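Hi everyone, thanks for coming. Let's have the structure up on the screen, and then I'll walk you through it.

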Amino acid sequence: MKVDYSKFERDESLYGEVTVKDLDGSEKTIKVELIENEDEEIPEAEKETLEFFIDNYLEYKQFLLKPIFEYYQKCRKMWGAIASDDQKFPEISDINKMYEMVSLYAIAVLDENHYGKRSISLYYNCTWSEEGMGIMVSEFNVVKIGDSGEVW
């Protein structure tokens with residue numbers, strides 16, 4: 001088991017942290033919320049979903065690059081005329097630059113019975129929005145992407 005659930009704290013949900021490894025070997029700590037049912041025990045499906053995310057973090061990161069890029073382009077278009085050298089809203093042509101503009105800080109593992117198998121919401125700090133960005137994913141399918149408050 002990759003996660004020590006005994007260190008999670010209970011409120012209305014369970015809260016804790018996990019560590020994932022990036023391509024360069026660096027580690028990143030991410031806040032986790034387990035959106036559980038009313039049982040005292042954490043459903044096995046939620047544990048499986050969290051551990052699947054940890055095991056496949058780099059695949060998620062690669063998979064989400066295009067939707068993040070497309071969302072940024074959509075936002076930039078909605079903002080209207082922006083100088084191409086604007087520091088907060090730069091024009092991006094290299095999709096790989098998106099990970100210089102976003103940083104994953106939290107995930108919510110969602111109830112499989114309500115949201116579907118391996119459903120999670122990922123929350124990012126981003127350079128262009130104080131609210132941040134959220135992406136709901138079910139397995140490797142983007143369900144919704146938007147401001148952090150709009151996802152889940």
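**A serine, a sheet and its helices**

Let me start with one contact: the side chain of serine 129 reaches the backbone nitrogen of glutamate 131 at 3.3 Å. A polar contact here is a pair of N or O atoms within 3.5 Å; within protein, one must be able to donate a hydrogen and the other to accept it, and residues adjacent in sequence count only if both atoms are side-chain atoms.

Before going on, please keep in mind that this is a predicted model: local features need pLDDT of at least 70, side-chain atom pairs count only at pLDDT 80 or more, and totals for chains, interfaces and linings use all residues. Residues are numbered from 1 along each chain as its sequence is written, and side-chain values use heavy atoms, with hydrogens and water left out.

Is serine 129 buried or exposed? Serine 129 counts as buried because its relative accessible area is 15%, and buried means under 20%, exposed over 50%, partly exposed in between, using a 1.4 Å probe and protein chains only. Across the chain, 45% of the 152 residues are buried.

Serine 129 belongs to strand 6, residues 129–138. Strands are DSSP runs of E, at least two residues, and helices are runs of H or I, at least four, numbered from the N terminus. The chain has 3 helices and 7 strands, and from the N terminus they follow the order β-β-β-α-α-β-α-β-β-β.

Now, how are the strands arranged? The 7 strands make an open sheet ordered 1-2-3-4-5-6-7, with mixed pairing; two strands pair if DSSP finds at least two bridges between them. At the edges are strand 1 (9–10) and strand 7 (141–147), each pairing on one side only. Further in, strand 3 (residues 27–34) and strand 4 (residues 102–109) run parallel, joined by 4 bridges. Leucine 34 sits opposite valine 109 of strand 4.

Helix 1 (residues 44–55) packs on this sheet, touching strands 2, 3, 4 and 5, where contact means heavy atoms within 4.5 Å. Helix 2 (residues 57–79) lies across strands 2, 3, 4, 5, 6 and 7.

Finally, the overall shape. The radius of gyration, taken over C-alpha atoms, is 16 Å, which agrees with the value near 15 Å for a compact globule of 152 residues; that rule is 2.2 Å times the number of residues to the power 0.38. The C-alpha atoms fill a box of roughly 55 × 35 × 25 Å along the principal axes.

How values were computed
Axes fitted to C-alpha atoms, helices over the stretch in contact; angles between N-to-C directions.
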